[in-house]
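Biologist: Could you take me through one part of this model at close range, strand by strand? I'd like to know what pairs with what, and what is covered up.

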Amino acid sequence: MTVELNAAGARAWTVQQWRRVRGLAPRRSDWTSVRLGRDLPAGLMVGLVALPLALGFGVSSGMGATAGLVTAVVAGAVAAIFGGSRVQVSGPTGAMTVVLVPIIAAHGTNGVLVVGLMAGVILIGLGYAGVGRFIRYVPVPVVEGFTVGIAAIILLQQVPAALGVRATGEKVLGQALGAVGEWASHPHWPSVVVAVAVVVSVLGLARLRPGLPWALVVVVLAIVANSLLGLGIATIGTIPAGLPAPSLPSIVFSDLSSMLLPAVAVAALAALESLLSATVSDAMSVGQRHDSDRELVGQGLANLAAPLFGGIPATAAIARTAVNVRSGAVSRLSGVTHAAVLLVIVLVASRWVAEIPTAALAGVLIATAVQMVRVSSLGALLRSSRGDAVVLIGTAAATVLLDLVMAVLLGLVMAGFFVLRQAAGSARLEEVPLDASDHADEELALLDEHIVAYRIDGPIFFGAAHDFLLELTEVSDVRVVVLRMSRVTVIDATGATVLADTISRLEGRGISVLLSGVRPQHERILRELGVYEGLAHEKHLFGTTPAAIEHARAHAARVAHDPGDSQPHGDPTDPASPGRRHTGE
């Protein structure tokens, strides 16, 4: 019998897991929204916009322009087919290149490929585990601070190329300052002029006619100028006329432990940036709603595929996704078309792509960094509250000075601190009258002299418990304290422990403590952590305040009474009244 039950349980578990896998897989309905007249032109536009960005991010990552193009083609197609958004565009991004630079320094180019594979497996696991839904808990100041920090890093990374010098140093800030010093000793004006011209042109033309691939037009003009005028600006070099044959990177198993933390960082960044991008695309589109868990799986598969062709880890690109949506895309076909356009360019126009000046690419990336920062949104957050401003600035500074994952974690900690501080400030302990409308004057005098009633409003947790609950231990010349608990929203272990200690101290001084209106969801933690043990007996728990007041009168007047009278007399139909739970049985 036991064997049959175990077999039935195993079958049920297998069916459940298979349904979960099918729910994360592509389906026929993914392609029912295809509109060729909108998706194909949108994909073409995004492909043209993505070309200089893919080349630039490949170069700035340290893996080379070819790696950037391969990533845009392979990861872009795989993520479009398997991801959780119909209009998301994926490929190499500025945020990811920032993470890859130290990985290349520590493990080499082959190490980056292995880290990409490991990150892909982690992302698939996160999607299967349903982690995608937690993106909604990342506060806006953390996201904006992270974005500002990424934009600053991208800009600093391009300073050496824009000045026409080689980068030296460990951190991007040090590299930028070193490049400025080297250029000052041996100025090379053509690179600076081209980079500045590209930045001004891309930003200016984008304001006049947004949505057009101005970056590509400006880069073509830079190629012509560098060739015809003999400016002597370094170019990105030879680009293979096709994709490399797929192959597994060399895996040294003894090195995997040292690569695990970088892989986690890559996966965390890919998950964060992709889900944020999908959220933005939902807001920009009518009727679009992404599947967070499926998006993680799609990005995981993309990061498994890209390293096989020599590509770098990829993520969804917010800027390219925005271009896709603004160009009219409504289905996954636009993302696949974007990858196909880049593949055609690699196969047909690789010799011209190799002639792109590095200073021109630096200008495109600097313009991209500037466009990433939304001044109006930043201003609103900085003015909204001191806490939001501190979180935003702190996250941005940590992104530049530390690393991206640490910056996000630090931002979450700071945001949590301010939320807890605000929640703790909202908790109140107020002395309230005991519904004196039906008492005679002499009874009121007796109550005022010997009974104190407090109403606790808000959360009782580690950030708020001590300050106001310990005030209760200072009460004097009273015989009964009534704690009205119906407005307590949250109580944690610390709050319950402090409450139990407060009750024990009062009872030890001969002051009876009565609790009224304890919510059912709070009962377990109060019971487990000794709050009820501190009371004279559990019959000092009441479902309503009037019942507690009646019992308090008997205590204050030292009238002999039956402890059974402490039974709650509230409305038994009231879900907040725990009368059934305090019968003394």
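Modeller: Sure, let's start with one contact: valine 481 has valine 513 as its bridge partner in E7. Keep in mind as we go that this is a predicted model.

That contact belongs to a longer run of pairing, since E5 and E7 are joined by 5 bridges and run parallel. E7 covers residues 512-516, and 5 of its 5 residues are buried, so the strand is mostly covered. Which residues of E7 lie on one side, and which on the other? Ser512, Leu514 and Ser516 sit on one side, while Val513 and Leu515 sit on the other, and all of them are buried. That split fits the usual pattern, because side chains in a regular strand alternate between the two faces of the sheet. So your valine 513 is on the side it shares with Leu515, and both faces of E7 are covered.

E7 has another partner too: strand E8, residues 541-542, pairs with E7 in the parallel sense over 2 bridges. If you want a spot to click on there, serine 516 has phenylalanine 542 as its bridge partner in E8. Serine 516 is one of the buried residues of E7 we just met.

Now go back to E5 and look at its pairing with E4. Strand E5 is residues 480-484, and E4 pairs with E5 in the parallel sense over 5 bridges. A handy marker for this pairing is isoleucine 451, whose bridge partner in E5 is valine 480. How many residues of strand E4 are buried? For E4, residues 451-460, the count is 10 of the 10, so the strand is largely enclosed by the rest of the structure.

E4 also pairs with strand E6, residues 488-491; the two run parallel and are joined by 2 bridges. Here the residue to find is isoleucine 460, which stands opposite isoleucine 491 in E6. If you trace the pairings on screen, you can step from E6 to E4, from E4 to E5, from E5 to E7, and from E7 to E8.

For contrast with those covered strands, have a look at a nonpolar patch on the surface. The patch is about 710 Å² and is made by Leu173, Leu177, Leu401, Leu402, Met406, Leu409, Leu410 and Leu412. Helix H7 (172-185) and helix H17 (404-426) each supply at least two of its residues, and H17 gives the most, with 4. Leucine 177 lies in H7 and counts as exposed, because its relative accessibility is 58% and the cut-off for exposed is over 50%. Leucine 409, in H17, has 45% relative accessibility, so it counts as partly exposed. The C-alpha atom of leucine 409 is separated by 9.2 Å from that of valine 142, although the two residues are 267 apart along the chain.

While you have the model open, try the tryptophans as well. The structure holds 1 aromatic pair, formed by tryptophan 183 and tryptophan 189 in an edge-to-face arrangement, 4.9 Å centre to centre with 85° between the planes. Tryptophan 183 is buried, at 15% relative accessible area, whereas tryptophan 189 is exposed, at 52% relative accessibility. Elsewhere, arginine 351 lies over the face of tryptophan 352, at 5.2 Å from the ring centre.

Technical notes:
Residues are numbered from 1 along each chain as its sequence is written. This is a predicted model: local features need pLDDT of at least 70, side-chain atom pairs count only at pLDDT 80 or more; totals for chains, interfaces and linings use all residues. Side-chain values use heavy atoms; hydrogens and water are left out. Rings of Phe, Tyr and Trp (its six-membered ring) pair if their centres lie within 6.5 Å; planes under 30 degrees apart count as stacked, over 60 as edge-to-face and the rest as tilted. Buried means under 20% relative accessible area, exposed over 50%, partly exposed in between (1.4 Å probe, protein chains only). A charge sits over a ring if NZ of Lys or CZ of Arg is within 6 Å of the ring centre and within 35 degrees of the ring normal. Patches are made of residues with over 30% relative accessible area and no salt bridge: like charges are joined within 9 Å, nonpolar side chains (Val, Leu, Ile, Met, Phe, Trp, Tyr) within 5 Å. Accessible areas come from the Shrake-Rupley method with a 1.4 Å probe; for residues, only the protein chains shown count as cover. A salt bridge is a side-chain nitrogen of Lys or Arg within 4 Å of a carboxyl oxygen of Asp or Glu. Two strands pair if DSSP finds at least two bridges between them.
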